[in-house]
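Welcome to a short guided tour. Open your viewer, switch on the cartoon view, and keep the selection box handy.

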Amino acid sequence: MKTVKVPGPMRMVWGSLMAYWLSGIVHPAFVAIAVMIALFIPILIADPYFPTQPEE
């Protein structure tokens, strides 16, 4: 089984800011994408503290 490397919290912050910036240029719906990315940051921070074993 392959493990997936998750991006760090700072990369997610920059991704959220860039999506928000693009909302003014491309389409206002990018605000929703920016919010979804920003809400995912606490999950990335808490993940190392509560590890789980993969199911086989």
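**First stop: helix 2**

Select residues 30–46, which make up helix 2. Helix 2 is 17 residues long and covers 26 Å from its first C-alpha to its last, close to the 24 Å expected at 1.5 Å a residue (the expected span is 1.5 Å times one less than the number of residues). Helices here are DSSP runs of H or I with at least four residues, strands are runs of E with at least two, and both are numbered from the N terminus.

Before moving on, please note that this is a predicted model, in which local features need pLDDT of at least 70, side-chain atom pairs count only at pLDDT 80 or more, and totals for chains, interfaces and linings use all residues. Residues are numbered from 1 along each chain as its sequence is written, and side-chain values use heavy atoms, with hydrogens and water left out.

**The buried side of helix 2**

Now show the side chains of Ala 34, Ile 41 and Leu 44, the buried residues of helix 2. Buried means under 20% relative accessible area, exposed means over 50%, and partly exposed is in between, using a 1.4 Å probe and protein chains only. What covers these residues? Helix 1 is included in the cover.

Add Ile 33, also in helix 2. Ile 33 counts as partly exposed because its relative accessibility is 36%. If you draw a C-alpha to C-alpha distance from Ile 33 to Ile 43, you should find 16 Å across 10 residues of sequence.

**Across to helix 1**

Select residues 9–25 for helix 1, and begin with Ser 16 there. Is Ser 16 buried or exposed? Its relative accessibility is 10%, so Ser 16 counts as buried. Leaving aside neighbours within four places in sequence, Ser 16 is in contact with Ala 34, Ile 37 and Ala 38, where contact means heavy atoms within 4.5 Å.

Next comes Ser 23, again in helix 1. Ser 23 is buried because its relative accessibility is 12%. Not counting residues up to four places away in sequence, Ser 23 touches Pro 28, Phe 30 and Val 31.

Tyr 20 is in helix 1 as well, but counts as exposed because its relative accessibility is 54%. Even so, Tyr 20 has contacts beyond its neighbours within four places in sequence: Phe 30, Val 31 and Ala 34. The C-alpha atoms of Tyr 20 and Ala 32 are 8.4 Å apart in space, with the two positions 12 residues apart in sequence numbering.

**A patch on the surface**

Switch to a surface view and colour Met 18, Trp 21, Ile 25 and Val 26, which form a nonpolar patch with about 440 Å² of accessible area together. Accessible areas come from the Shrake-Rupley method with a 1.4 Å probe, and for residues only the protein chains shown count as cover. Val 26 sits in the loop between helix 1 and helix 2; with 52% relative accessibility, Val 26 counts as exposed.

Patch members have over 30% relative accessible area and no salt bridge; like charges are joined within 9 Å, and nonpolar side chains (Val, Leu, Ile, Met, Phe, Trp, Tyr) within 5 Å. A salt bridge is a side-chain nitrogen of Lys or Arg within 4 Å of a carboxyl oxygen of Asp or Glu.

**Zoom out**

Finally, select the whole protein chain, with its two helices and zero strands. Its C-alpha trace spans about 45 × 20 × 15 Å along the principal axes. Of the 56 residues, 12% count as buried.
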